[in-house]
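User: Hi! Could you walk me through this structure in plain words?
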Amino acid sequence: MAIKAGITLISILLLCTTAAAAQGGKLLQTTNDFSAYTPVTKDGICKTLVETQGYKCEEHTVTTNDGYILSLQRIPTGRSGKKADKPPVLLQHGLFCNAVVWLFNSPKESLGFILADSGFDVWLANGRGSKYSTGHTTLTPNDMAYWDWSWYELASYDLPASVEYVFNLTAQKIHYAGHSQGTLVAFVALSQGKLLNMLRSAALLSPIAHLNMITSELTKVIAELFLANDVHWLGVREIDPNAYDITKLVDGICFISNLNCGDVVTLFTGPNCCINSSRVDFYLDQPTATRNFIHLSQSKSHIKQFLNIFCSSVYRTNILLI
């Protein structure tokens, strides 16, 4: 009841917050200065997170068919230095993340390092718009057009580009592991008939095909009110979870709706048994396109059509849902 009663106030808060940001010359799509960053530099993932743990690491880039320049990191050996003798594995992160999520714990607790030490040729993907994949052939992240995409483009361009690059370079079929949004884009790509001849298997962690059963009250409110569409209409193309404007907006929604906002991850995803609260800054650290949020909101009601397409298309690939 409190949530429904707060609908009008939430809409007003949304308008006021965004208008204030615009008046200050600081719309959400320009809250971060990406212009000085290039994907392959001394401060990339290899230098800061992989080589510091004693592993060899390679920086790679791939350009999608729509012009986005993505970074890939490769861990070709275990910490012992022994070259991989098992097939390549491509790891794809979820929403508001980048490839760092596969590496930020100790080597014994990080999937990227565990797979490398087990003899796999490990590849880490970074989706468009994230810190390590801000390049484009003609645009910069300060251009509104740069953020004109949703998870459909991630599935149609980013994932195929990454998989094809690894497949062509290694000349081997690939094991794929995706988390959250990384599973959604796999579902979509596979339903389009893409990637099937390049994958050995797909391990899907916290798989998403729809949002009908989500338990987070805040996420339900945002989806049902279609707030992302209002934000997009106001000219905001990028949503950065760490931006001041987004933080204040969420605080306002929580206050009006009487929701506990003490645990940000649980707030958006619902109760979770295994999240390490000290790592929240890594879980929600990267921006995404406003259009992506609009598409996710629409996903709340398109379950049957989507699953029918998916189930009829992926019978040739080994799928593991966890």
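Analyst: Happy to. One term to begin with: buried means under 20% relative accessible area, exposed over 50% and partly exposed in between, with a 1.4 Å probe and protein chains only. This is a predicted model, where local features need pLDDT of at least 70 and side-chain atom pairs count only at pLDDT 80 or more, while totals for chains, interfaces and linings use all residues. Residues are numbered from 1 along each chain as its sequence is written, and side-chain values use heavy atoms, with hydrogens and water left out.

User: Thanks! Is Val 163 buried or exposed?
Analyst: Val 163 is buried, because its relative accessible area is 1%. Val 163 sits in helix H5; helices (H or I, at least four residues) and strands (E, at least two) are DSSP runs, numbered from the N terminus.

User: What is Val 163 in contact with, beyond its neighbours within four places in sequence?
Analyst: Those partners are Leu 90, Ile 174, Leu 195, Met 198 and Leu 199. Contact here means heavy atoms within 4.5 Å.

User: Which residues have the most contacts inside the largest nonpolar core?
Analyst: They are Leu 90, Leu 159, Val 163 and Tyr 176, in a core of 36 residues. A nonpolar core is a set of buried Ala, Val, Leu, Ile, Met, Phe, Trp, Tyr and Cys residues joined through side-chain atoms within 4.5 Å. At least two residues of this core come from each of E2, strand E4 (120-125), H5, strand E6 (174-179), H6 and strand E7 (199-205).

User: And what does Tyr 176 touch, again without its neighbours within four places?
Analyst: Its contacts include Leu 90, Leu 159, Val 185, Ala 186 and Leu 199. Apart from that largest core lies another of 21 residues, among them Cys 46, Tyr 55, Leu 103 and Phe 104.

User: Back to the helices. At what angle do H5 and H6 pack?
Analyst: Helix H5 (residues 151-170) and helix H6 (residues 181-191) meet at about 70°, with their axes 9 Å apart. The axes are lines fitted to C-alpha atoms, for helices over the stretch in contact, and angles run from 0 to 180 degrees between N-to-C directions. H5 and H6 are therefore roughly perpendicular; the cut-offs are under 35 degrees for roughly parallel, over 145 for roughly antiparallel, 65 to 115 for roughly perpendicular, and oblique for the rest.

User: Which residues make that contact?
Analyst: From H5 they are Trp 151, Tyr 152, Leu 154, Ala 155 and Leu 159, and from H6 they are Gln 181, Leu 184, Val 185, Ala 186, Val 188 and Ala 189. They divide into 10 nonpolar, 1 polar and no charged. Ala, Val, Leu, Ile, Met, Phe, Trp, Tyr, Cys and Pro count as nonpolar, Asp, Glu, Lys and Arg as charged, and the others, Gly among them, as polar.

User: Why is H6 called largely enclosed?
Analyst: Because 11 of the 11 residues of H6 are buried, the rest of the structure largely encloses H6. Gly 193 follows H6 and has a positive phi, near 80°.

User: New topic: where is Lys 82?
Analyst: Lys 82 is in the loop between strand E2 (68-75) and strand E3 (86-92). Lys 82 counts as exposed because its relative accessibility is 55%. From Lys 82 to Asp 117 is 35 residues in sequence and 8.6 Å in space, C-alpha to C-alpha.

User: Last one: how many helices and strands does the chain have?
Analyst: There are 13 helices and 10 strands, and buried residues make up 51% of the 322 residues.
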